[in-house]
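Let's work through some exercises together, one step at a time. Have the sequence and the 3D view open, and try each task before you read its solution.

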Amino acid sequence: MQKIIYISDVLGYNIIKVLFVGGINMEKTNKQNNLYEQFLKYSYWDLKELFKNAKTKEEQDFYITLSNLVLQKEQKRIIGE
């Protein structure tokens with residue numbers, strides 16, 4: 001049985017269809033809608049606000065994980081200076 005999960009417009013990117021069949025296969029996304037590039041546009045404060053407005057625990061976990069990535073990146077930058 002195939003399980004299809006739709007990840008909708010949470011971070012402002014187009015809908016991505018993920019198809020699980022013994023692994024993950026993602027439809028090709030064009031370079032302008034690259035998830036990582038979209039992530040880089042968000043500040044810690046943006047993610048904190050999204051966390052506050054999250055409707056589910058899973059959504060809160062998602063935003064807190066992203067905000068932790070932002071903090072880790074900044075910490076590495078500061079330590080490297």
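**Exercise 1. Where are the two partners?**

How many residues apart in helix H3 are Lys-57 and Asp-61?

Solution. A word before we start: this is a predicted model.

- Step 1: Lys-57 and Asp-61 are 4 residues apart in helix H3, so about one helical turn separates them.
- Step 2: Now look at the side chains. Lys-57 and Asp-61 form a salt bridge, and their closest N and O atoms are 2.7 Å apart.
- Step 3: Check the surroundings. Lys-57 has a relative accessible area of 57%, which makes it exposed because the cut-off for exposed is over 50%. Asp-61, at 34%, counts as partly exposed.

**Exercise 2. Find the other salt bridges.**

Task: find the partners of Glu-49 and of Glu-74.

Solution.

- Step 1: The count of salt bridges comes to 3.
- Step 2: The side chain of Glu-49 meets that of Lys-52 in a salt bridge, with 3.6 Å from N to O. Both residues lie in helix H2 (residues 44-52), 3 residues apart, or about one turn of the helix.
- Step 3: Glu-49 is partly exposed at 40% relative accessibility, while Lys-52 is exposed at 55%.
- Step 4: Glu-74 pairs with Arg-77 in a salt bridge whose closest N and O atoms are 2.4 Å apart. Glu-74 and Arg-77 sit 3 residues apart in helix H3, so they too are about one helical turn from each other.
- Step 5: Glu-74 counts as partly exposed at 34% relative accessibility, and Arg-77 counts as partly exposed at 43%.

**Exercise 3. Classify two aromatic pairs.**

Task: decide whether the rings of Tyr-36 and Phe-39 are tilted or edge-to-face, and do the same for Tyr-44 and Trp-45.

Solution.

- Step 1: A pair of aromatic rings is described by the distance of the centres and the angle of the planes.
- Step 2: The structure holds 3 aromatic pairs. In the pair of Tyr-36 and Phe-39, the ring centres are 6.4 Å apart and the planes stand at 35°, so this pair is tilted.
- Step 3: Tyr-36 and Phe-39 are 3 residues apart in helix H1 (residues 35-40), so about one helical turn lies between them.
- Step 4: For Tyr-44 and Trp-45, the centres are 5.0 Å apart and the planes are at 80°; the pair is therefore edge-to-face.
- Step 5: Tyr-44 is partly exposed, with a relative accessible area of 25%, whereas Trp-45 is exposed at 59%.

**Exercise 4. Look inside.**

Which residues make up the largest nonpolar core?

Solution.

- Step 1: This core has 6 residues: Phe-39, Leu-47, Ala-54, Tyr-63, Leu-66 and Val-70. Helix H3 (residues 57-80) supplies the largest share, 3 residues.
- Step 2: Take Phe-39, which you met in the tilted pair. Its relative accessible area is 12%, so it is buried, as the cut-off is under 20%.
- Step 3: Next, try Val-70. Leaving out residues up to four places away in sequence, Val-70 touches Phe-39, Tyr-42, Tyr-44 and Leu-47.
- Step 4: Finish with Ser-67, which is in helix H3. At 3% relative accessibility, Ser-67 counts as buried. Apart from its neighbours within four places in sequence, Ser-67 is in contact with Tyr-44 and Leu-47.

Definitions and conventions
Residues numbered from 1 in each chain as written. Predicted model: local features only at pLDDT ≥ 70, side-chain atom pairs only at ≥ 80, totals over all residues. Heavy atoms only, no water. Phe/Tyr/Trp six-rings, centres within 6.5 Å; stacked < 30°, edge-to-face > 60°. Helix = DSSP H or I, 4+ residues; strand = E, 2+ residues; numbered from the N terminus. Buried < 20%, exposed > 50% of the residue type's maximum accessible area, 1.4 Å probe, protein only. Core = buried A, V, L, I, M, F, W, Y, C linked by side-chain atoms within 4.5 Å. Contact = heavy atoms within 4.5 Å. Salt bridge = Lys/Arg side-chain N within 4 Å of Asp/Glu carboxyl O.
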